[in-house]
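Welcome, and thanks for taking a look at this model with us. Please have the sequence and the 3D view open side by side as you read.

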Amino acid sequence: MTTTLAFPVLLRLLDERSSAFRAAVASAPSLDVQVPTCPEWTLFDLAQHIGEGRRDWAATVAAGPAPAKSAAQGGPDAPREREALSAWLAQSTGQLLDALREAGPDRGCWTWWGASQSPQTCGAVARHQLQQLAVHTYDAQVTLGAPEPLPDEVALDGVEEFLFTCVATTSAWPHKPAAFDFHATEGRSWRLTLDGDGARSTRVPAPGTTPVAAAGEGPDTAGVSVRGTASELVLFVYDRIPADSLQLEGDAGLFDLLREWEPEE
């Protein structure tokens, strides 16, 4: 299944989230404040992570299928002066966007998600980079005490991107087969199925329409389902907000098993 967002849209949204991240950093009273959702980091640490990470992925995209060495090594350090830091961050995102435009969405690219449902292409990299930047923009906004929901088109693609990239695996689920349903109030739903064949997700009809599972596709009903806005679902799966921020039905302990699971691959 391909992304719901066209490649030019992904690049536009990457640029927009980068601007929003820089705006949050610029508004902070101090770069040394701790980030509540990333408690091991200060805001400066988060900014450094964003800049160095985008430079590394720019080099990775440019290298194609071959793994690229870290572009952050030997590159300019993140400056602590506020205006210079903003310019450095903008340049970091610019490098990634330029590399993605040059490569195009279908070019092969090294990724860390080998056996997932996401392809190893530059388009999939752009899709994942958008979600990373969107969630970390939320982190920066939380630091200011002014968090904003993820934009709708980012979040609606983000639920599926997370399930396809970060959860999908061919490693056997070590527990009783289980299904998780995720329902966005905007009208889109997904089912995550875990069994001896691993973990895989698919879009499913919204509740109240048609059955969500056909014979042979796993459990007929989900062991647990969670409902919220697409933004809330993305923030939940990235552990930014607790389960009680959403409507949860069924065995909440299944989420604990999922978080504790460490697939072999």
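Here is a short briefing, grouped by topic.

This is a predicted model, in which local features need pLDDT of at least 70 and side-chain atom pairs count only at pLDDT 80 or more, while totals for chains, interfaces and linings use all residues. Residues are numbered from 1 along each chain as its sequence is written, and side-chain values use heavy atoms, with hydrogens and water left out.

**Confidence**

- The mean pLDDT of the protein is 91, where pLDDT is the predictor's confidence in each residue, from 0 to 100.
- A pLDDT of 70 or more is reached by 92% of the residues.
- Over residues 210-217, pLDDT stays under 50; for this stretch the model has 11 contacts beyond four places in sequence, a contact being heavy atoms within 4.5 Å.

**Helices 1 and 4**

- Helices (H or I, at least four residues) and strands (E, at least two) are DSSP runs, numbered from the N terminus.
- Helix 1 covers residues 7-27, and its 21 residues should span 30 Å at 1.5 Å a residue; the expected span is 1.5 Å times one less than the number of residues.
- The end C-alpha atoms of helix 1 are 31 Å apart, which agrees.
- Among the buried residues of helix 1 are Phe7, Leu10, Arg17, Phe21, Arg22 and Val25; buried means under 20% relative accessible area, exposed over 50%, and partly exposed in between (1.4 Å probe, protein chains only).
- Where do the buried residues of helix 1 pack? They pack against helix 2 (43-63), helix 3 (82-103), helix 4 and helix 5 (152-167).
- Helix 4 (residues 122-144) has 23 residues that should span 33 Å, and its end C-alpha atoms are indeed 33 Å apart.
- Of the 23 residues of helix 4, 21 are buried, so this helix is largely enclosed by the rest of the structure.
- Gly145 follows helix 4 and has a positive phi, near 80°.

**Aromatic rings**

- The structure holds 8 aromatic pairs; rings of Phe, Tyr and Trp (its six-membered ring) pair if their centres lie within 6.5 Å, and planes under 30 degrees apart count as stacked, over 60 as edge-to-face and the rest as tilted.
- Phe236 and Phe255 form an edge-to-face pair, 5.1 Å centre to centre with 85° between the planes.
- Phe236 lies in helix 6 (residues 230-237) and Phe255 in helix 7 (residues 253-260), so this pair ties together parts that are 19 residues apart in sequence.
- Both rings belong to buried residues: Phe236 has 2% relative accessibility, and Phe255 has 6%.
- Trp57, Trp110, Trp112 and Trp113 are linked by ring pairs into a cluster.

**Arg80 and its partners**

- The charged end of Arg80 sits over the ring of Phe44, 3.9 Å from its centre; this requires NZ of Lys or CZ of Arg within 6 Å of the ring centre and within 35 degrees of the ring normal.
- Arg80 also meets Asp32 in a salt bridge (3.4 Å, N to O), defined as a side-chain nitrogen of Lys or Arg within 4 Å of a carboxyl oxygen of Asp or Glu.
- This pair links distant parts of the chain, with Arg80 in the loop between helix 2 and helix 3 and Asp32 in the loop between helix 1 and strand 1 (34-35), 48 residues apart.

**Other salt bridges**

- The structure holds 11 salt bridges.
- Asp98 forms one with Arg101, the closest N and O atoms being 3.4 Å apart; both residues lie in helix 3, 3 residues apart, about one turn of the helix.
- Asp239 and Arg259 meet in a salt bridge at 2.9 Å, N to O.
- Asp239 lies in the loop between helix 6 and strand 7 (247-250) and Arg259 in helix 7, so the pair ties together parts that are 20 residues apart in sequence.
- Asp239 is partly exposed, at 49% relative accessible area, and Arg259 is partly exposed at 43%.
- Arg127, Asp157, Glu160 and Arg203 are joined into one network by salt bridges that share partners.

**Three residues to look up**

- Thr60 in helix 2 is buried, with a relative accessible area of 7%.
- Not counting residues up to four places away in sequence, Thr60 touches Ala68, Cys109 and Trp110.
- Thr193 in strand 4 (residues 188-195) is buried, with a relative accessible area of 6%.
- Glu40 in strand 2 (residues 38-42) is exposed, with a relative accessible area of 56%.
- Glu40 touches Gln34 and Asp45, not counting residues up to four places away in sequence.
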